[in-house]
Amino acid sequence: MLISTIKLRVVRNQSILNSQIKKKTWRWRKIASGMNDLRRISSMIQNYSVSCPEKPDKRYLFQIKVYWLSIITLLSVLVTFVFCVLWTILFKLEDATSTHCGYRVKNYLPTISTAVGNYPVQRFIWTLVIIAHSPIRLIVVAIYYQYYNSIIKPSLHWCVVLLRFLTTVEVCSLVVLSIFTSSDYYSIHEKSFVTFICASELNMLISSILLKKGRITKTVMTKLEIRSLKYKICFTVFNMTSFAIAGYCFLRHNAYCESGVYTFFALFEYLVVLSNMTFHLTAVWDLAGVSLVVDDNLNLTYR
């Protein structure tokens, strides 16, 4: 009887012990499950923080995207150009279209040099806008230099340096020929114009070829870059064609003094300038994600 009672108590104690062990095991499993959940949540947070873009640094005084900078710069020059031509046509057409052939040869459009440089109002506005927009153009040239370095083969780095030089010469010669007008400083104006044309034509041609054939093989062009290159090539061909026709009309007018030929020269001269502007406007696609920033220390950077 005593033995059976002891056995019963042992069995009960063992069952109680097993029950306690099961409870403790369940609690530990629950704790371990909670720890795993915390690890998963922590991992998700870390992955989210890595995959999400960093918040922009707010420590700057001014920021503008190169996209808008390019558009504003182009529009300022374009509006000034159209104003100068229209104002000259409306109020100074007969004087502006007279050449060495005399008034007997009719012409209907003024040349750019005459429209922006021969009359005080147009000269002042044009020169002011050209001088004001030049620093912005030079900043974009520096950004483009870094852009080309990142996508063009290292063996063609000298072409990138050449492009930067040509674009800088193009901007500077434009300033010089705007300040020294053909009516007052013909020799300086002529040399500056020739320099501008040579630099701009070479710049457009080399840029198109370099972006077409000189890219690093592993770089993949974005849709915006493909669109930019397509328009660069189109504007380059159009610009060179217009320049060739303008040159032919200029030489023919000087040789034969035919009515209307000088008008075609002026028209294709307009097209040369406009196609050059639109070529440079392709920066809105090449540098779409770049912003110009002025920080607290007044340092000018881009990112």
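**Close-up 1. Ring pairs join F83, W87 and F91 into a cluster.** Everything shown in these views comes from a predicted model. Let's start with one of the links in this cluster. In the whole structure there are 12 aromatic pairs, and F83 with W87 is a tilted one, with ring centres 5.4 Å apart and 40° between the planes. Why do F83 and W87 sit about one helical turn apart? They are four residues apart in helix α2, which covers residues 66-91. Here's the handy rule: an α-helix has 3.6 residues a turn, so residues three or four places apart point the same way. As for cover, F83 is partly exposed at 29% relative accessible area, and W87 is also partly exposed, at 36%.

**Close-up 2. Y144 and Y148 form a stacked aromatic pair.** Their ring centres lie 5.4 Å apart, with 20° between the planes. These two tyrosines belong to helix α5, and because they are four residues apart there, about one helical turn separates them. Are they buried or exposed? Y144 counts as buried, with 12% relative accessibility, and Y148 is buried too, at 6%.

**Close-up 3. Helix α5 carries a kink at S134.** This helix runs through residues 120-151, which makes 32 residues. From the first C-alpha to the last, α5 reaches 46 Å, close to the 46 Å expected at 1.5 Å a residue. Where does the helix bend? Look at S134: the kink there is about 30°, and the proline P135 comes shortly after.

**Close-up 4. R123 and D184 meet in a salt bridge.** Side chains of opposite charge can pair when their charged atoms come close. The structure has five salt bridges, and in this one the closest N and O atoms are 3.6 Å apart. The two partners come from distant parts of the chain: R123 is in helix α5, while D184 is in the loop between α6 (157-179) and α7 (186-213), 61 residues away. R123 is partly exposed, with a relative accessible area of 28%, and D184 is partly exposed as well, at 47%.

**Close-up 5. A salt bridge joins R137 and E170.** The N to O distance here is 3.8 Å. Which helices does the pair link? R137 is in helix α5 and E170 is in helix α6, so this bridge connects distant parts of the chain, 33 residues apart. What about cover? R137 counts as buried at 16% relative accessibility, and E170 is buried with just 1%.

**Close-up 6. E258 and R252 share a salt bridge.** Their side chains meet with 2.6 Å from N to O. E258 is partly exposed, with a relative accessible area of 27%. R252 is partly exposed too, at 30%.

**Close-up 7. R164 and K232 each lie over an aromatic ring.** R164 is over the face of Y145, 4.7 Å from the ring centre. In the other example, the charged end of K232 sits over the ring of F279, at 5.7 Å from its centre.

Technical notes:
Residues are numbered from 1 along each chain as its sequence is written. This is a predicted model: local features need pLDDT of at least 70, side-chain atom pairs count only at pLDDT 80 or more; totals for chains, interfaces and linings use all residues. Side-chain values use heavy atoms; hydrogens and water are left out. The expected span of a helix is 1.5 Å times one less than its number of residues. The bend at a residue is the angle between axes fitted to the seven residues ending there and the seven starting there. Rings of Phe, Tyr and Trp (its six-membered ring) pair if their centres lie within 6.5 Å; planes under 30 degrees apart count as stacked, over 60 as edge-to-face and the rest as tilted. Buried means under 20% relative accessible area, exposed over 50%, partly exposed in between (1.4 Å probe, protein chains only). A charge sits over a ring if NZ of Lys or CZ of Arg is within 6 Å of the ring centre and within 35 degrees of the ring normal. A salt bridge is a side-chain nitrogen of Lys or Arg within 4 Å of a carboxyl oxygen of Asp or Glu.
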